[in-house]
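User: Please take me through this structure with a few questions and careful answers.

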Amino acid sequence: MVREMREEMPYGIEEGGREEEGGFPNTSHKRLVVVGYALTSKKIKSFLQPKLEGLARNKGILFVAIDHNKPLSDQGPFDIVLHKLSGKEWRQILEDYRQTHPEVTILDPPDAIQHLHNRQSMLQAVADLNLSDSYGKVGVPKQLVVKKDASSIPDAVANFGLKLPIVAKPLVNDGSKKSHELSLAYDWYSLQKLDPPLVLQEFVNHGGVLFKVYIVGEAIKVVRRFSLPDVTKRELSKTAGVYHFPRVSCAAASAEDADLDPCIAELPPRPLLEKLAKELRRRLGLRLFNLDMIREHGTRDRFYVIDINYFPGYGKMPEYEHIFTDFLLSLVKGKHKKRSG
Ligand SMILES: Nc1ncnc2c1ncn2[C@@H]1O[C@H](COP(=O)(O)OP(=O)(O)OP(=O)(O)O)[C@@H](O)[C@H]1O
Ligand SMILES: O=P(O)(O)O[C@H]1[C@H](OP(=O)(O)O)[C@@H](OP(=O)(O)O)[C@@H](O)[C@@H](O)[C@@H]1OP(=O)(O)O
Ligand SMILES: [Mg+2]
Ligand SMILES: [Mg+2]
């Protein structure tokens, strides 16, 4: 099978030379780019769709499942390892593999991904960047971390000067169901009912539409999703309590075909996104992530990043098959250039 695919490969890596180490046969001078993947079954289903695998095959890319019952070094050989699994054990396996196989590109380094597993450190790079130019300003909502003792939250929030309403997000962001259980608090008193450790974030009115900015290496794709509606002053004054809300901006909440107010729907300026993505790629050390971005309602150019996700639902990103396969090829070509240059 693999041999047959090789003959028709238009883009496979020209320079051969890779030794056969008992892994995949290497019969042609154009060899396959082998991508080992370690993903949950949910992710395999949403990401590794037949169209992606088919296009990848035509471009000379082969996706191979990593076998968790065998040492990683006994598998492959891989050009790239693509992964999104949690746990210390897996991180250690990858770290050891990285040391012994520096020639393999690990997408992405476990330490860098770990940075996104805490909702405080997640947005630090955006805050530090403090991006502001003629195209707009990008910041993060004012936020406070509460590690324990719910009874102290109202005072802590008042002292810090956080305004209501407040979005409460679990501090740990490990992809678990619990880490996506968010709530909106309307009054000081109810803040005591929250369950730390949490990040408390000012709710920013944004017209009920959010921008999902997908990043795959240097490629950027933006889509609109529905989000929480604005909270008016009147509504705030009349409402009390803490309200849990479901995953409001999931794929089913696409706002691409909706008839929206142009001021709300207008995408963030491309040059601003280019600059933001470039800086965050560097500062976070990641190549596969997305940003949830909102525009403060009533402004044209005041943006906030409220969430960053590692290896998000690319299966729902338009043209992801082309973008992702081109990206994988660029990684291997880049490496060859570096070696021969
Ligand atoms: N500061 C904020 N101001 C206004 N709305 C917010 C704010 N933070 C979150 N939201 C709303 O809550 C939703 C969920 O928040 P967030 O994206 O932080 O959670 P998540 O569980 O990490 O989401 P994802 O499924 O994208 O990983 C957002 O899509 C947005 O609708
Ligand atoms: O289904 P959705 O479109 O919401 O995609 C979500 C994706 O699910 P999928 O990749 O299995 O589909 C999730 O992946 P896991 O953490 O559960 O692995 C996670 O990355 C979310 O942030 C994604 O939301 P997005 O930020 O991309 O909108
Ligand atoms: Mg989000
Ligand atoms: Mg998230």
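**Salt bridges and a ligand shell**

Analyst: R282 is exposed, with a relative accessible area of 58%, where exposed means over 50%, buried under 20% and partly exposed in between, with a 1.4 Å probe and protein chains only. This is a predicted model, in which local features need pLDDT of at least 70 and side-chain atom pairs count only at pLDDT 80 or more, while totals for chains, interfaces and linings use all residues. Side-chain values use heavy atoms, without hydrogens and water, residues are numbered from 1 along each chain as its sequence is written, and chains are lettered from A and ligands numbered from 1 in the order in which they are written.

User: Which residues are linked with E279 in a network of salt bridges?

Analyst: A salt bridge is taken as a side-chain nitrogen of Lys or Arg within 4 Å of a carboxyl oxygen of Asp or Glu. E279 meets R282 at 3.0 Å, N to O, and R283 with the closest N and O atoms 2.9 Å apart. Because R283 and E279 are four residues apart in helix 10, about one helical turn separates them. The residues linked with E279 in this network are therefore R282 and R283.

User: Is K212, the salt-bridge partner of D292, buried or exposed?

Analyst: D292 and K212 form a salt bridge with their closest N and O atoms 2.8 Å apart, and the pair links distant parts of the chain, with D292 in strand 14 (residues 288-295) and K212 in strand 11, 80 residues apart. D292, at 6% relative accessibility, counts as buried. K212 has a relative accessible area of 8%, so K212 is likewise buried.

User: What share of the accessible area of ligand 2 does the protein bury?

Analyst: Polar contacts (pairs of N or O atoms within 3.5 Å; within protein, one must be able to donate a hydrogen and the other to accept it, and residues adjacent in sequence count only if both atoms are side-chain atoms) include one between an oxygen atom of ligand 2 and a polar side-chain atom of K316, at 2.4 Å. Taken alone, ligand 2 exposes 540 Å² (Shrake-Rupley method), and the share buried by the protein is 86%.

User: Which helix gives the largest share of the shell around ligand 2?

Analyst: The shell has 16 residues, each with a heavy atom within 4 Å of the ligand. Helix 2 (41-47) and strand 11 (209-216) each supply at least two of the shell residues, helices being DSSP runs of H or I with at least four residues and strands runs of E with at least two, numbered from the N terminus. The largest share, three residues, comes from helix 2.

Conventions
Areas by Shrake-Rupley, 256 points an atom, 1.4 Å probe, with all protein chains shown as cover.
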